[in-house]
Amino acid sequence: MADWITARVKARKTWSNNLFSLVLDADVATFKAGQFTKLALHTDDKKVARAYSYVNAPGQDPEFYVITIPEGQLTPWLANLEVGDELLVQHSAAGFLTLDEVPCGRDLWLMATGTGVGPFVSMLAEGSCWQQFENIVLVHGVRFADELGYRRQIAELTEGRSQFQYIPFVSREDTGGTQTGRITHAISDGSLERKAGLPFTPEHSRVMLCGNPQMVRDTLTELKNKGLQKHLRRKPGQILMENYW
């Protein structure tokens with residue numbers, strides 16, 4: 001229990017019927033944008049913990065983006081928390097989906113599905129990405145438009161940034177201002193590159209993936225077909241990724 005601290009819910013936001021965010025009052029350790037920690041429920045007979053990425057920039061109140069899994073052991077409980085309620089949060093952060101792990105390049109592609117957009121919001125808020133890359137493209141794939149959480153915050157964080165593009169995808173309904181279909185298909189047929197006006201090339205492109213494991217696997221495959229490779233410290237490449245469950 002040494003690394004666990006008690007937090008209180010400071011605020012909560014509801015995005016859709018199964019998506020919400022919790023803002024906590026918690027004295028967590030310093031972290032890098034893109035990292036995660038764990039939230040937990042502790043009862044007399046068990047502790048249930050799950051990893052969640054920080055959505056906030058370092059130094060701001062800890063914020064986490066959560067999808068309710070009805071049969072889950074933790075998220076239905078988190079969904080019922082109200083302002084003032086307590087929960088456990090792990091004091092220290094972990095994870096390597098951070099900008100200091102990305103090799104130098106010209107174009108940064110941030111690709112997420114669902115709540116996987118959270119660490120990228122943290123990076124935009126933290127701000128060092130603007131000095132590191134000439135072009136930044138955030139691609140966010142969801143099923144329905146009301147699941148495009150943080151859309152307004154993304155617009156506010158990037159206002160006046162001509163180097164930034166936000167390209168949302170909605171797969172199960174037609175709605176204005178978004179692309180239809182899936183991110184992987186748009187990579188495969190070249191339409192994502194055309195939309196952004198930027199080609200995928202090993203020389204210039206650096207890609208960070210965060211989302212459900214199937215999306216991460218499929219996107220990795222499509223990007224490999226474009227000549228990009230997974231980045232490893234011992235073997236530098238262009239693609240960094242994190243599965244979101």
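Let me start with leucine 138. In this predicted model, leucine 138 touches Leu110, Val117, Phe120, Leu124, Ile154, Phe164, Gln165, Tyr166 and Ile167, leaving aside residues up to four places away in sequence. Leu138 also belongs to the largest nonpolar core, which has 26 residues. Leu99, Leu110, Phe120, Ile136, Leu138, Ile154 and Met208 are the members that touch the most others. At least two residues of this core come from each of strand 7, helix 2, helix 3, strand 8 and strand 11. Helix 3 is residues 129-132. The most is given by helix 2, with 4 residues. Apart from this core lies another one, of 21 residues, including Phe169, Ile183, Leu209 and Leu223. As a general point, nonpolar side chains in soluble globular proteins tend to be buried together.

Now strand 7, residues 107-113. How many of its residues are buried? The count is 7 of the 7, so the strand is largely enclosed by the rest of the structure. In a regular strand, side chains alternate between the two faces of the sheet. Here, both faces are covered. Asp107, Trp109, Met111 and Thr113 are buried on one side, and Leu108, Leu110 and Ala112 are buried on the other.

Next, the pairing. Strand 7 is joined to strand 8, residues 135-142, by 7 bridges, and the two run parallel. Within that pair, leucine 110 stands opposite leucine 138, and Leu110 is also among the contacts of leucine 138. Strand 11, residues 205-211, is joined to strand 7 by 6 bridges, again in parallel. Methionine 111 of strand 7 stands opposite leucine 209 in strand 11. Leu209 is one of the residues of the 21-residue core.

On to helix 2, which spans 118-126. The helix is mostly covered, with 7 of its 9 residues buried. The buried ones are Gly118, Pro119, Phe120, Val121, Ser122, Met123 and Leu124. Two of those names came up earlier: Phe120 and Leu124 both touch leucine 138. After helix 2 comes glycine 127, with a positive phi near 95°.

Last, a pocket. The second largest pocket has a volume of about 260 Å³. Which residues line it? They are Phe96, Leu97, Glu101, Lys230, His231, Leu232, Arg233, Ile239, Leu240, Met241 and Glu242. By type, the lining divides into 6 nonpolar, 1 polar and 4 charged residues.

Note on methods: Residues are numbered from 1 along each chain as its sequence is written. This is a predicted model: local features need pLDDT of at least 70, side-chain atom pairs count only at pLDDT 80 or more; totals for chains, interfaces and linings use all residues. Side-chain values use heavy atoms; hydrogens and water are left out. Buried means under 20% relative accessible area, exposed over 50%, partly exposed in between (1.4 Å probe, protein chains only). Two strands pair if DSSP finds at least two bridges between them. On a 1 Å grid over the protein atoms alone, a cavity is a set of points where a 1.4 Å probe fits but cannot get out, and a pocket is an open set with protein on both sides within 12 Å along at least five of seven lines; lining residues have an atom within 4 Å of a point. Grid points are joined across faces, edges and corners, and a volume is the space filled by probe spheres set on the points. Ala, Val, Leu, Ile, Met, Phe, Trp, Tyr, Cys and Pro count as nonpolar, Asp, Glu, Lys and Arg as charged, and the others, Gly among them, as polar. A nonpolar core is a set of buried Ala, Val, Leu, Ile, Met, Phe, Trp, Tyr and Cys residues joined through side-chain atoms within 4.5 Å. Contact means heavy atoms within 4.5 Å.
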